[in-house]
There are 2 protein chains.
Amino acid sequence: MIQRIDHLGIAVRSIDQALGFYRDALGLTVDHIETIEEQKVKAAMLVVGESRLELMEPTDPAGAVGKFLETRGEGLQHVAIGVDDLEAALAQARERGARLIDEKPRVGAGGALVAFIHPKSSFGVLIELVQRGKGSVAHG
Amino acid sequence: MIQRIDHLGIAVRSIDQALGFYRDALGLTVDHIETIEEQKVKAAMLVVGESRLELMEPTDPAGAVGKFLETRGEGLQHVAIGVDDLEAALAQARERGARLIDEKPRVGAGGALVAFIHPKSSFGVLIELVQRGKGSVAHG
């Protein structure tokens, strides 16, 4: 079952500069900032109710976020939706004809199970499905 | 104060087709579908925790969503953030140098007070601030 918007991934060139808007002008609280080596990003997680905004600054221009910035510029890169059973959610999406980037759940940042759906299936929005352990929150 | 992600506005060519993914494959519940004349869209609101996804289909190609589809294609058009005091949120954003599309709150769909922040200030993300009456939820 769908639980919530887990987080929104926003590609930025500089977290420091982006915090000038998201933290200082908008007033959001920074939960933490971390480097996620496997995704080649530094990420700042900001709290918005039950959701998070993830500001993602590339640590390597050849990574996915680095390439996104080069071709699309700064902006929203993915929408992560929290589910309680990722295997079941993927099975249902596949059965209804959705094109999956990840056929099976894989382990993402913070130990969560994640899988991406291809934006061709989701009308231009890159969707990440996330299953977290009880009590845990967005961690990159 | 920031309360939650109120809704995500997703521009689509056809709500009927998009529901094949968002309702049928992803499993979201449709709260309601309505035509919002002043925005020149038909909108389907789907429930995701305390937030909504708003699928927006243009009723006129000359409207904002129609133009977005023509230049950018289908995908996420805006992120709406719920606040408890829109006047105060706008004053803080202005004071910290953010560029506002709406200098003052205006009445949006469902009677909510809304104001947009220019994506040049918010690092490529078009942000709508929304203040709703007590107990009301996203209504377009």
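Contact here means heavy atoms within 4.5 Å. The exercises below use a predicted model.

**Exercise 1. Surroundings of B:Arg106**

Task: Find the element that holds B:Arg106, state whether B:Arg106 is buried, exposed or partly exposed, and list the residues that B:Arg106 touches.

Solution:
- Step 1. B:Arg106 belongs to strand S6 of chain B, residues 106–107.
- Step 2. Buried needs under 20% relative accessible area and exposed needs over 50%. B:Arg106 has 37% relative accessibility, so B:Arg106 counts as partly exposed.
- Step 3. Leaving out residues up to four places away in sequence, B:Arg106 touches B:Ala112, B:Leu113, B:Val114 and B:Phe116.
- Step 4. For a distance check, take B:Ala80: it is 26 residues from B:Arg106 in sequence, and the C-alpha atoms are 14 Å apart in space.

**Exercise 2. Salt bridges of Asp6**

Task: Which residues form salt bridges with A:Asp6, and which parts of chain A does the pair with A:Arg132 tie together?

Solution:
- Step 1. Over all chains, the search of the whole structure gives 10 salt bridges. The cut-off between a side-chain nitrogen of Lys or Arg and a carboxyl oxygen of Asp or Glu is 4 Å.
- Step 2. One partner of A:Asp6 is A:Arg4, with the closest N and O atoms 3.4 Å apart. Both A:Asp6 and A:Arg4 are buried.
- Step 3. A:Asp6 also forms a salt bridge with A:Arg132, and here the closest N and O atoms are 2.7 Å apart. A:Asp6 lies in strand S1 (residues 2–11) and A:Arg132 in the segment after strand S8 (127–131) of chain A, so this pair ties together parts 126 residues apart in sequence. A:Arg132 is buried, as is A:Asp6.
- Step 4. Taken together, A:Arg4, A:Asp6 and A:Arg132 are linked in a network of salt bridges.
- Step 5. Now turn to chain B. B:Asp6 forms a salt bridge with B:Arg132, the closest N and O atoms being 2.7 Å apart. This pair links distant parts of the chain, 126 residues apart: B:Asp6 is in strand S1 and B:Arg132 in the segment after strand S8 of chain B.
- Step 6. B:Asp6 counts as buried because its relative accessibility is 2%. B:Arg132 counts as buried because its relative accessibility is 15%.

**Exercise 3. Aromatic pairs**

Task: How many aromatic pairs does the structure hold over all chains, and is the pair of A:Phe21 and A:Tyr22 stacked or edge-to-face?

Solution:
- Step 1. There are two aromatic pairs over all chains.
- Step 2. A:Phe21 and A:Tyr22 lie 4.8 Å apart, centre to centre, with 85° between the planes. Planes over 60 degrees apart count as edge-to-face, so the pair is put in that class.
- Step 3. A:Phe21 has 4% relative accessibility and therefore counts as buried. A:Tyr22, at 0%, counts as buried too.
- Step 4. In chain B, B:Phe21 and B:Tyr22 form an edge-to-face pair, with 4.8 Å centre to centre and 85° between the planes. B:Phe21 is buried with a relative accessible area of 4%, and B:Tyr22 counts as buried at 1% relative accessibility.

**Exercise 4. Helix H1 of chain A**

Task: Which residues of helix H1 of chain A are buried, and which residue caps its N-terminal end?

Solution:
- Step 1. H1 of chain A covers residues 15–25, and A:Ile15, A:Ala18, A:Leu19, A:Phe21, A:Tyr22 and A:Ala25 are buried.
- Step 2. An α-helix has 3.6 residues a turn, so residues three or four places apart point the same way.
- Step 3. The cap at the N-terminal end is A:Ser14, which has a side-chain oxygen 3.4 Å from the backbone nitrogen of A:Asp16.
- Step 4. Just after the helix, A:Gly27 takes a positive phi of about 90°.

**Exercise 5. The contact between the chains**

Task: Describe the interface of chain B and chain A by residues, area and polar contacts, then place B:Ser121.

Solution:
- Step 1. Chain B gives 38 residues to the contact and chain A gives 38 residues.
- Step 2. The area buried between the chains is about 3,100 Å², and carbon and sulfur atoms give 72% of that area.
- Step 3. The rule finds zero salt bridges across the interface, while 11 residue pairs are in polar contact between chain B and chain A.
- Step 4. On the side of chain B that touches chain A, the elements giving two or more residues are S1, helix H1 (15–25), strand S4 (51–58), strand S5 (75–83), helix H3 (86–95) and S8. By class, this side has 23 nonpolar, 10 polar and five charged residues.
- Step 5. B:Ser121 sits in the loop between strand S7 (113–117) and S8 of chain B. B:Ser121 counts as buried because its relative accessibility is 13%. Not counting residues up to four places away in sequence, B:Ser121 touches A:Phe21, B:Gly97, B:Ala98 and B:Arg99.

Methods:
Residues are numbered from 1 along each chain as its sequence is written. Chains are lettered from A and ligands numbered from 1 in the order in which they are written. This is a predicted model: local features need pLDDT of at least 70, side-chain atom pairs count only at pLDDT 80 or more; totals for chains, interfaces and linings use all residues. Side-chain values use heavy atoms; hydrogens and water are left out. Buried means under 20% relative accessible area, exposed over 50%, partly exposed in between (1.4 Å probe, protein chains only). Helices (H or I, at least four residues) and strands (E, at least two) are DSSP runs, numbered from the N terminus. Rings of Phe, Tyr and Trp (its six-membered ring) pair if their centres lie within 6.5 Å; planes under 30 degrees apart count as stacked, over 60 as edge-to-face and the rest as tilted. Buried area is the accessible area (1.4 Å probe) that two parts lose on being put together, summed over both. A polar contact is a pair of N or O atoms within 3.5 Å; within protein, one must be able to donate a hydrogen and the other to accept it, and residues adjacent in sequence count only if both atoms are side-chain atoms. Ala, Val, Leu, Ile, Met, Phe, Trp, Tyr, Cys and Pro count as nonpolar, Asp, Glu, Lys and Arg as charged, and the others, Gly among them, as polar.
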